[in-house]
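Welcome to a short tour of one protein chain. Have a look at the picture first, and then we will walk through it together.

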Amino acid sequence: KDIIRAATMTCDGSSSQDEIPYFEQVRPFLMTEQDQDAKIIPVANIIDNVNMPSSADVKTILRQLARSGSVFYFEDEFLQDFIVVDQKFFLSAAATVARRQEIEQHDDVPSHLPIISSDDASKLWQSMSFISNALADGSVAMTPDIFTSYMKEVLVTNRIFIPYETD
């Protein structure tokens, strides 16, 4: 949880607080969110709670924090609306599909490549207690459907999931 506290330097070693407006207002907000066990939060929460004049300033700060390894922030259309402040939770959720026991095999796909349908991935994520608990208690500030869409989009965008059509 101290990773955001440590993220005060940019990649080139200069002080981020001198270069990025509102950095010192956003960082304590994210630390508080982490301290309250938040996992994934809407970017709009930052804008609302820190009174940021522009979403461009927020995106600059989130890019910086992502570069420093403090958070996961993806700038694709749908993904840019959320920030992952608990990377361990996110990686555990992503890994659930890779660790599942029953792997479907297809004749035209090499045996070392697991295949999971989009629906099965959604069901698997929603069946995991640590995910359903986080969705229920609000530490993941999304509905279950938005969570599964978000996870799928992140994993496809980063080529961890590869869309595959079957008959």
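Is Glu24 buried, partly exposed or exposed, and what is its relative accessible area? Glu24 is partly exposed, because its relative accessible area is 34%. Keep in mind that you are looking at a predicted model.

**The whole chain**

Let us step back for a moment. The chain contains 9 helices and 2 strands. Following the sequence from its start, you meet them in the order α-α-α-β-α-α-β-α-α-α-α. There are 167 residues in the chain, and 41% of them are buried. The accessible surface is about 9300 Å², and carbon and sulfur atoms account for 49% of that area. Contacts tell you about the fold too: among those between residues at least 6 apart in sequence, 60% join residues at least 24 apart.

**Salt bridges**

Side chains of opposite charge can pair when their charged atoms come close. In this chain the count comes to 3 salt bridges. Here they are, with the distance between the closest N and O atoms.

| Pair | Closest N and O atoms |
|---|---|
| Glu24 and Arg27 | 3.4 Å |
| Asp86 and Lys39 | 3.5 Å |
| Arg63 and Glu75 | 2.9 Å |

Start with Glu24 again. Its partner Arg27 is 3 residues away in helix α3, so the two are separated by about one helical turn. An α-helix has 3.6 residues a turn, so residues three or four places apart point the same way. Arg27 counts as buried because its relative accessible area is 13%, under the 20% cut-off.

The next pair, Asp86 and Lys39, forms a salt bridge that links distant parts of the chain. Asp86 sits in the loop between β2 (82-84) and α6, while Lys39 sits in the loop between α3 and β1 (40-42), 47 residues apart. Asp86 has 21% relative accessibility, so Asp86 counts as partly exposed. Lys39, at 15%, counts as buried.

Arg63 and Glu75 make up another pair. This salt bridge also links distant parts of the chain, with Arg63 in helix α5 (residues 55-67) and Glu75 in the loop between α5 and β2, 12 residues apart. Arg63 is partly exposed at 30% relative accessibility, and Glu75 is partly exposed at 38%.

**A charged residue without a partner**

Which side chain of opposite charge is nearest to Glu33, and how far away is it? The nearest one is Lys39, 11 Å away, and Glu33 is buried with no salt bridge. Glu33 belongs to helix α3 (residues 23-35). If you set aside its neighbours within four places in sequence, Glu33 is in contact with Ala38 and Ile41.

**Helix α6**

Now find Asp86 once more. At the start of α6, a side-chain oxygen of Asp86 comes to within 3.2 Å of the backbone nitrogen of Lys88. The helix itself covers residues 87-99. Why should helix α6 span 18 Å? The helix has 13 residues at 1.5 Å a residue, and the expected span is 1.5 Å times one less than the number of residues, so 18 Å should result. Its end C-alpha atoms are 18 Å apart, which agrees. Several residues of α6 are buried, including Phe89, Phe90, Ala93, Ala94 and Val97. Gln87 and Thr96 are on the buried list of α6 as well.

Conventions
Residues numbered from 1 in each chain as written. Predicted model: local features only at pLDDT ≥ 70, side-chain atom pairs only at ≥ 80, totals over all residues. Heavy atoms only, no water. Helix = DSSP H or I, 4+ residues; strand = E, 2+ residues; numbered from the N terminus. Buried < 20%, exposed > 50% of the residue type's maximum accessible area, 1.4 Å probe, protein only. Lys, Arg positive; Asp, Glu negative; His and termini not counted. Salt bridge = Lys/Arg side-chain N within 4 Å of Asp/Glu carboxyl O. Contact = heavy atoms within 4.5 Å. Polar contact = N/O pair within 3.5 Å; in protein donor to acceptor, adjacent residues only side chain to side chain. Areas by Shrake-Rupley, 256 points an atom, 1.4 Å probe, with all protein chains shown as cover.
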